[in-house]
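Here's a quick briefing on a protein model, written for someone just getting started. Have a look at the structure first, then work through the points below.

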Amino acid sequence: HLGSQLCELEKLIDKMMIAEFSTYARSDLNRPLEDECQILEEDRLVSLVFGLLKQRKLNFFEIYGDEIIITAKNIIKQCVINTVSEIEEIDTGAVVKLADQMRMMNFPQWFDLLKNIFSNFIIFLKRIKATLNVIRSVVLLVLDKNQRSRVLGEASVQKNSSRESAVDTEVAYLTHEGMFISDAFSRRDLPSSTTDSVSPRNVCPDSDPSSSDSVSEPECATDSSSSKEQTLPSVTPAGIETMIGEDVKLSELELVRLANNIQELLYSASDICHDRSVKFLMARAKDGFLEKLNSTEFVALSRLMESFILDTEHICAPEERKPMDVLIVSGQKYAVVGTVLLLIRIILEYCQCVDNIPSIATDMLTRLSDLLKYFNSRSCQLVLGAGALQVVGLKTITTKNLALSSRCLQLIVHYIPVIRAHFESRLQPKQFSMLRHFDHITKDYHDHIAEISAKLVAIMDSLFDKLLSKVTIAG
């Protein structure tokens, strides 16, 4: 019964964590707006987010979004109540509904109420932004740790492969002498070089043995030191990294998508504030109030609304930046065209579909394979096949076109193992044979890249021949 008990305990832990995050979101958003503290209990928030990521509860941000809607309504309601209570002319006993009480205000009173609502919404959005920034920073730190661990793992594999020949020699020696290999390892009879390469005391799994990178130190530490580091309440990046272990099994695609969703939640919060403000204005406009404003009042109202819109945009539409010349992925620079960026977004949507409906994983894999094949063949037709001359109207296929096409293909090749791992974790073992599609696609892409490279070399050879022939004639 231990297995079923553990499953039930895990479900209970999930419910408790979701409930605690809901409580935190409610407390954070409904505390007095006069409170100057932007982030409520930052240590607690970081721990909650990290725990939810560890349990793969990736939709927790939706809870925060639901609380934003409720709180935005309450902000307007409370502002109206506070303003009405200060106006002696309004008899709250005779007029019960808040909307009716608001309609009894004259323009200066209503205008001050609107300014108060806008001011509270700005504080509200700033508080949301600060909280979401902390949540997003935790997600991005986990993503960064995953990427660095992958790089360290690849480096470790390369180093281990270079040592295989030495290990094979020692194994052959042990076999020849008639000694059991297991006994030799336990007695440490192997030479020091071989022991260093296989002894678990000297090597941390999936890491670079010779690396002194602080990221992998917690993984190689003793249990006591590791647990001591994980209890630190620090919310600095270094403090958070000590909490990130190998048990956070999330793909890079999942983490990137989650970070983007959290950023989108801030934009949604701004839209919610705008929507509630519009409803507030429409409620006052029912009796023709806005049409009766004189020019001075109308200009003041217009400027107040424009100021509120600019303030919300300043908090939520990101700073305008010029697009980078290249795309940087895992330290590599890729000069690519917009089409490949669109393709990557489509690939992400396919992966999202598999997460949402696991039963269609095989169908999605087939369709995604067809899409990747089509992108490869179409690229070949347009560039190497010079189809772009008719389709786009180019005068000639330049070396720049060839180089861009090659880098686009190389970028997709870089992501194919990530995509394959994403689908593999969601397929049944009997369906693993379908993963061979990715092997065929990778080979096709590599062949295409090699053809482009050969074409570029041929062009350069021709140019050199022309230049050398001129030098020879001049000599």
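F21 and F60 are both buried, and that makes them a good place to begin in this predicted model. Their rings have centres 5.3 Å apart and planes at 80°, so the two form an edge-to-face pair. From there, we'll go through other aromatic rings, then a pair of helices, then an arginine in a loop.

**Aromatic rings**

- To describe a pair of aromatic rings, you give the distance of the centres and the angle of the planes.
- Searching the whole structure turns up eight aromatic pairs.
- Where do F21 and F60 sit? F21 belongs to helix α1 (residues 2-30), while F60 is in the loop between α2 (42-54) and α3 (61-85), so this pair ties together parts that are 39 residues apart in sequence.
- Now take F118 and F308: their ring centres are 4.1 Å apart and their planes are at 5°, so this pair counts as stacked.
- F118 comes from helix α5 (residues 107-177) and F308 from helix α12 (residues 295-316), so to speak two distant parts of the chain, 190 residues apart, linked by one pair.
- Buried or exposed? F118 has 5% relative accessibility, so it counts as buried, and F308 is buried too, with a relative accessible area of 5%.
- There's also a cluster, in which ring pairs link F107, W110, F111 and F280.

**Two helices packed together**

- For two packed helices, the description uses the angle between their axes and the distance between the axes.
- Helix α13 (residues 338-356) packs with helix α14 (residues 361-382) at an angle of about 170°, and their axes are 9 Å apart.
- Angles over 145 degrees count as roughly antiparallel, so α13 is roughly antiparallel to α14.
- Which residues of α13 meet α14? They are T339, V340, L343, I346, I347, Y350, C353 and V354.
- On the α14 side, the residues they meet are A361, M364, R367, L368, L371, L372 and F375.
- Sorted by class, the contact of α13 with α14 has 13 nonpolar residues, one polar and one charged.

**An arginine in a loop**

- You'll find R426 in the loop between α16 (399-424) and α17 (436-474).
- The side chains of R426 and D355 are joined by a polar contact of 2.5 Å.
- If you skip its neighbours within four places in sequence, R426 is in contact with R56, E254, V354, D355 and A361.
- Two of those names may look familiar: V354 and A361 also appear in the contact of α13 with α14.

Notes
Residues numbered from 1 in each chain as written. Predicted model: local features only at pLDDT ≥ 70, side-chain atom pairs only at ≥ 80, totals over all residues. Heavy atoms only, no water. Axes fitted to C-alpha atoms, helices over the stretch in contact; angles between N-to-C directions. Helix = DSSP H or I, 4+ residues; strand = E, 2+ residues; numbered from the N terminus. Parallel < 35°, antiparallel > 145°, perpendicular 65-115°, else oblique. Contact = heavy atoms within 4.5 Å. Nonpolar A, V, L, I, M, F, W, Y, C, P; charged D, E, K, R; others polar. Polar contact = N/O pair within 3.5 Å; in protein donor to acceptor, adjacent residues only side chain to side chain. Phe/Tyr/Trp six-rings, centres within 6.5 Å; stacked < 30°, edge-to-face > 60°. Buried < 20%, exposed > 50% of the residue type's maximum accessible area, 1.4 Å probe, protein only.
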